[in-house]
Amino acid sequence: MTTLDRSVWSERERAHHARADALTAAHRERASRGEKHPVWDFLFTYYSYSPSQLRRWHPGAGVELTDAPERAAWRWYAAGSAPGSVVPDAAGFAREKAPLAGLIERILCRTAARPGQFGCFGLHEWAMVYREAEHRHPAPLRLGQAETDAVVEAHDLRCTHFDAFRFFTPEAVPRNRTALTRDDQPVLEQPGCLHAGMDLYKWAMKLGPLVPGELLLDAFELARDIRLLDMEAAPYDLSDWGIVPVRIETADGKAEYVRRQREFAERGNTLRSRMLDAWLGQDAGSHSAQGAQPDPAAASSRRRVMTRSAAS
């Protein structure tokens, strides 16, 4: 258990507020004018967490805050060792959210343990408009419908992420190498997937006070950076918003996509390790996106310890 005096944790909280406000300033300004953005709104709509939620700082599991009575009624907090102190309640979370906790741990551990796959070239966005007259985004296709369809047909679709696959057009679904289901997610998720990297923000949010605020903002920044590549490589013409395309239909575009995809995979695995360590005291290992294996026995042992703690 680490203990933070109020002066220390209050300063960390202030720094978190300032960083979060800077990260969401442009979105909040657009929202105040009722303006939409085809790239950045995704971070607040698909991931339905408001700037105010991102702004709330938590210390992470195993960190006790002294002189913090105002947090006593916050969800997933418990009384600390001294009057007025509180600590994030990892045992309570494990007890009341056992299926979610198990799912998050499986996805984080298993994704980090697998080798990254780097041959999808972001074609999931192309598969979402394949042979369809109406599209999810109002922006025009930069190659037109016929040439966009031809790009899909010239490639092998290798999507491994169900939450991308579920938006494929009916004619694109059978073209994917694997038919995906929600139940397959912990089995197939891999660190090369852009959406698996963006989802680290979702998992950090779902864990709430068990994840340090600084780590939450790091996950948000990764989601932001990945989202940009996701839309740069998409089939849409987003030049009105200053988006320069990564032309994945060309050899140069593929090379750029894979280079950046590998960088995101490394960043994502670093965050997975940090998240597991902060939450469960379980180091996922200094694995790279190429897939060095963490110790599954250690993960199982830690889960048993956590379950016993929840039951006590």
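Reader: What makes the sulfur of C193 too far from the closest cysteine sulfur for a bond?

Author: In this predicted model, the closest cysteine sulfur to that of C193 belongs to C159, and the distance is 6.2 Å. A disulfide requires sulfur atoms within 2.5 Å. The value of 6.2 Å does not meet this limit, and therefore C193 and C159 are not counted as a disulfide.

Reader: How do you know that the sulfur of C109 is too far for a bond?

Author: The closest cysteine sulfur to that of C109 lies in C193, at 18 Å. Set against the limit of 2.5 Å, this distance is too far for a bond. By this rule the count of disulfides is zero.

Reader: Why are C109 and C193 called buried?

Author: Buried means a relative accessible area under 20%. C109 has 14% and C193 has 10%, so both residues are classed as buried.

Reader: How many aromatic pairs are there, and why is the pair of W9 and W57 called stacked?

Author: The count comes to eleven aromatic pairs. In the pair of W9 and W57, the ring centres are 6.3 Å apart and the planes differ by 5°. Centres must lie within 6.5 Å, and planes under 30 degrees apart count as stacked; the two rings therefore form a stacked pair.

Reader: What parts of the chain does this pair link?

Author: W9 belongs to helix 1 (residues 6-33), whereas W57 lies in the loop between helix 3 (51-55) and strand 2 (63-65). The two residues are 48 residues apart, and the pair links distant parts of the chain. W9 has a relative accessible area of 0% and W57 has 1%; both values are under 20%, so both residues are buried.

Reader: Why is the pair of F42 and Y46 called stacked?

Author: Its centres are 4.8 Å apart, with 5° between the planes. These values meet the limits of 6.5 Å and 30 degrees, and the pair is therefore stacked. F42, at 13%, is buried because this value is under 20%. Y46, at 27%, is partly exposed because its value falls between 20% and 50%. Ring pairs also join F42 and Y46 into a cluster with F44, Y47, Y49, Y201 and F220.

Reader: Which charged residue lies over the face of F42?

Author: R227 lies over that face, 4.1 Å from the ring centre. Elsewhere, the charged end of K202 sits over the ring of W203, at 4.4 Å from its centre. Both distances are within the limit of 6 Å.

Terms used: Residues are numbered from 1 along each chain as its sequence is written. This is a predicted model: local features need pLDDT of at least 70, side-chain atom pairs count only at pLDDT 80 or more; totals for chains, interfaces and linings use all residues. Side-chain values use heavy atoms; hydrogens and water are left out. Rings of Phe, Tyr and Trp (its six-membered ring) pair if their centres lie within 6.5 Å; planes under 30 degrees apart count as stacked, over 60 as edge-to-face and the rest as tilted. Helices (H or I, at least four residues) and strands (E, at least two) are DSSP runs, numbered from the N terminus. Buried means under 20% relative accessible area, exposed over 50%, partly exposed in between (1.4 Å probe, protein chains only). A charge sits over a ring if NZ of Lys or CZ of Arg is within 6 Å of the ring centre and within 35 degrees of the ring normal.
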